[in-house]
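The exercises that follow ask you to reason from accessible areas and atom distances to short statements about a structure. Work through each task before you read its solution.

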Amino acid sequence: MKKSVPPKTRGGRGWLLVLALGLMACMVMGLVLVWSNIERMDTTYFINIAQNELRERRDLRAKLQVERERLLSPYELRRRAEEFGMREPRPGQVRRMEIQ
């Protein structure tokens, strides 16, 4: 007579372990996704702050350059000199010096 083979039973603890590991993997992936989004938002925020500061500094540099050019113009220098009572030197008032 043939021995009867007991039917394979489903269940046991194997599928429970696989399910638990799958759920843990999903939770870890969700946490990584949330963390990476928070880091991306922080990075974007600081990049925007740096870009705004750089833009303000460039604007200030351009304004200072225009002011510098205005102050160093010959007309402005002449006007300032007259304002302070300065006159052009008379002949003989200025000597050339040789520095050795």
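**Exercise 1.** Does Trp15 count as buried or exposed, and at what relative accessibility?

*Solution.* The structure is a predicted model, and the value used here is computed from it. The relative accessibility of Trp15 is 51%. Because the cut-off for exposed is over 50%, Trp15 counts as exposed. As to its place in the fold, Trp15 belongs to helix H1, which covers residues 14-71. Finally, Trp15 takes part in a nonpolar surface patch together with Leu16, Leu19 and Leu23, and these residues have about 430 Å² of accessible area together.

**Exercise 2.** Determine which parts of the chain are tied together by the salt bridge of Glu88 and Arg78, and classify the exposure of Glu88 and of Arg78.

*Solution.* Begin with the distance: the closest N and O atoms of Glu88 and Arg78 are 3.5 Å apart, which lies within the 4 Å allowed for a salt bridge. Next, locate the partners: Arg78 sits in helix H2 (74-83), whereas Glu88 lies in the segment after that helix, so the pair ties together parts that are 10 residues apart in sequence. For the exposure, Glu88 has a relative accessibility of 62% and counts as exposed, and Arg78, with a relative accessible area of 51%, is exposed as well. Between helix and partner there is also a backbone feature to record, since just after H2 Gly85 takes a positive phi of about 80°.

**Exercise 3.** Describe the salt bridge between Glu83 and Arg79, and state how many residues of H2 are buried.

*Solution.* The side chains of Glu83 and Arg79 meet at 2.9 Å, taken from N to O. Both residues lie in helix H2, four residues apart, which is about one turn of the helix. In general, an α-helix has 3.6 residues a turn, so residues three or four places apart point the same way. Arg79 is partly exposed, its relative accessible area being 39%. For the helix as a whole, one of the 10 residues of H2 is buried, so H2 lies largely in the open.

**Exercise 4.** How many salt bridges does a search of the whole structure find, and which residues are joined into one network?

*Solution.* The search of the whole structure finds nine salt bridges. One pair to examine is Glu98 and Arg96, whose closest N and O atoms are 3.9 Å apart; Glu98 is exposed at 64%, and Arg96 is exposed at 75%. Turning to the network, salt bridges that share partners join Glu67, Arg70, Glu76, Arg79, Arg80 and Glu83.

Note on methods. Residues are numbered from 1 along each chain as its sequence is written. This is a predicted model: local features need pLDDT of at least 70, side-chain atom pairs count only at pLDDT 80 or more; totals for chains, interfaces and linings use all residues. Side-chain values use heavy atoms; hydrogens and water are left out. Patches are made of residues with over 30% relative accessible area and no salt bridge: like charges are joined within 9 Å, nonpolar side chains (Val, Leu, Ile, Met, Phe, Trp, Tyr) within 5 Å. Accessible areas come from the Shrake-Rupley method with a 1.4 Å probe; for residues, only the protein chains shown count as cover. Helices (H or I, at least four residues) and strands (E, at least two) are DSSP runs, numbered from the N terminus. Buried means under 20% relative accessible area, exposed over 50%, partly exposed in between (1.4 Å probe, protein chains only).
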